[in-house]
Amino acid sequence: MGIYLNSLAAYTLYKNESKKTYFVDKTSILEELFPLVEEGNHYICITRPRRFGKTVTANLIASFFSKGCDASDVFDRLKVSGNQEYRRKMNQYNVIHISLNEVPKRCVTYEQYIQRIEARLIKDLKQAYPDADVNEEDAVWDVLMDVYAADKSARFIFVLDEWDYIFHRDFVSREDKEAYIEFLSSLLKDKPYVVLAYMTGILPITKYSSGSALNMFLEYTMAEKEKYSQYLGFDDREVDELYARYLAVTSMPAIEREGLRVWYDGYHTLTGKRLYNPRSVVSALSDNQLGSYWTNAGPYDEIFYYIEKNVDAVRDDLARMAAGEGVKAKIQEYAATSMNLQTKDEILSAMVVYGFLSYEDGKVRIPNKELMDKFADVLLKEPSLGYVHRLARESERMLEATLGGDSNKVAEILEFAHNTEIPLLNYNNETDLTALVNLLYLSARDSYHVEREDKAGIGYVDFIFYPKVKNEPGIILELKVDSTPEEAIHQIRERGYMLNFKRRIGGRPEYTGKVFGVGIAYDRKSKKHSCKIEVL
């Protein structure tokens with residue numbers, strides 16, 4: 001057992017994972033790999049956004065196949081144990097498992113990064129194959145060939161996690177990236193010692209494998225390939241099972257099943273199968289609280305990094321998506337590797353690859369409430385977004401006027417926004433009015449769980465604002481085109497939309513605070529807005 005070769009690390013980590021309350025058994029992926037390891041010389045690269053279970057799956061694969069452990073105590077109770085090849089395949093292979101997101105102490109150059117990997121792997125090989133004629137000064141692929149020459153059974157499964165890690169490091173130059181691609185190619189391509197290479201990452205390798213360097217890999221992305229999709233991310237059935245487990249182990253459940261869908265669903269496979277962000281679902285159930293579990297990497301998260309490359313190209317699309325609409329886009333996932341994003345499609349492609357947007361039926365959209373809150377934060381903070389930023393800033397005044405019961409001020413803000421700031425909408429129907437209202441209440445997401453088209457009473461309310469702080473004022477908002485705000489208020493009362501507050505408040509105990517009914521109307525003939533606010 002070594003650092004990389006037949007290490008115990010993957011087994012230890014996956015065993016710990018399998019004991020967790022919200023563990024999901026994805027071991028059926030092994031059944032798809034069994035024929036590949038039987039044949040040998042197969043190359044798979046699976047790319048997904050962050051937090052989609054890539055590392056857990058890599059640990060699963062390494063711990064199952066590795067000779068360095070007896071993993072029967074883990075896998076005997078999991079799905080794969082029912083496969084007839086289970087015993088014949090488990091812990092029968094030499095596995096080289098490398099987490100490529102690890103760097104040397106005080107690492108400032110690519111040479112330091114790659115030399116650490118080579119030195120550790122060569123050390124493992126020398127210890128495991130003492131009879132092989134190994135020269136530590138040789139390249140690691142030469143050492144592997146020497147080992148194979150001395151022992152024809154010395155063939156390996158490579159599990160390489162986060163292959164693209166160094167593409168995000170400041171110390172890595174363009175020339176370094178090219179050298180790294182050549183390193184991977186020299187290590188793996190056309191080598192008799194490779195049984196299987198299983199590689200994961202965020203960035204697709206398509207751009208690089210279009211030449212000869214990495215073209216041996218079959219790449220599986222979420223937007224372009226269906227295969228393996230069920231093993232990364234949670235589907236509805238799995239979330240149902242986790243939610244039932246949550247209800248069984250949580251003394252005072254504060255999360256409703258629908259809340260998980262609103263907050264963390266919204267991703268799609270090529271065939272349209274819905275996927276949830278697994279880390280966020282597990283974190284919410286563990287904390288007994290819905291919220292954002294997206295890891296921030298800067299003042300505007302990483303979202304603005306892509307937008308700022310060409311704000312003009314995507315400004316209108318951001319407004320549409322923040323308003324809940326999808327935007328047509330031609331997704332080219334390899335564009336995410338570029339540091340100089342030029343076109344709208346390149347920017348949106350990069351945001352799909354990193355999980356900020358979802359892609360389905362030729363359109364991109366903000367997938368869920370977790371990401372919508374992040375986008376709202378960007379729109380509120382970044383002046384370079386022009387009218388979109390100004391609309392977002394107006395949302396602060398809009399919420400203040402609503403809570404103050406100032407119907408005239410709400411109508412005035414709507415008039416101003418519609419007449420001077422909204423070039424992207426035709427504004428001929430209730431859908432366009434809904435989009436504008438969505439933008440003008442962006443800041444409300446800081447203090448409210450804002451639900452659109454929520455089931456309430458005997459129908460669906462246009463907007464309902466559940467306060468995050470118990471007994472702060474709630475808001476029910478209904479929209480009308482070519483009607484009156486009084487009719488909107490009447491509908492709120494007649495259809496019993498208030499029942500949502502009397503029954504619950506975001507899954508918490510009965511709500512007893514004040515609730516404002518807000519009716520907003522737009523007359524297409526006069527092109528005027530009107531508003532009425534009442535305490536319900």
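## Exercises on a predicted model

β10 and strand β11 (residues 363–365) pair in the antiparallel sense over three bridges. Strands (E, at least two residues) and helices (H or I, at least four) are DSSP runs, numbered from the N terminus. Two strands pair if DSSP finds at least two bridges between them.

This is a predicted model: local features need pLDDT of at least 70, side-chain atom pairs count only at pLDDT 80 or more, and totals for chains, interfaces and linings use all residues. Residues are numbered from 1 along each chain as its sequence is written, and side-chain values use heavy atoms, with hydrogens and water left out.

**Exercise 1.** Find the edge strands of the sheet that holds β9, β10 and β11.

*Solution.*
- Write the order: β9-β11-β10, an open sheet with antiparallel pairing.
- Look at the ends: β9 (327–328) and β10 (358–360) each have a single partner strand, so one side of each is left without a neighbour in the sheet.
- Check one bridge: Y359 has V364 of β11 as its partner.

**Exercise 2.** Compare the span of helix α3 (residues 54–65) with the expected one, then judge how enclosed α3 is.

*Solution.*
- Take the rule: the expected span is 1.5 Å times one less than the number of residues.
- Apply it: the 12 residues of α3 should span 16 Å.
- Compare: the end C-alpha atoms of α3 are 17 Å apart, which agrees.
- Turn to burial: buried means under 20% relative accessible area, exposed over 50%, partly exposed in between (1.4 Å probe, protein chains only).
- Conclude: 10 of the 12 residues of α3 are buried, so α3 is largely enclosed by the rest of the structure. Among them are K54, N59 and I61.

**Exercise 3.** Classify the ring pair F64 and F65.

*Solution.*
- State the rule: rings of Phe, Tyr and Trp (its six-membered ring) pair if their centres lie within 6.5 Å; planes under 30 degrees apart count as stacked, over 60 as edge-to-face and the rest as tilted.
- Count: the rule gives 25 aromatic pairs.
- Classify: the centres of F64 and F65 are 5.1 Å apart and the planes stand at 85°, so the pair is edge-to-face.
- Place them: F64 and F65 are both buried. Ring pairs link them into a cluster with Y14, F23, F34, F75, Y86 and Y93.

**Exercise 4.** Describe how helix α17 (residues 387–403) runs, and what follows.

*Solution.*
- Read the span: the 17 residues of α17 reach 24 Å from first C-alpha to last, close to the 24 Å expected.
- Pick buried residues: Y387, H389 and M398 are among those of α17.
- Step past the end: just after α17, G405 takes a positive phi of about 70°.
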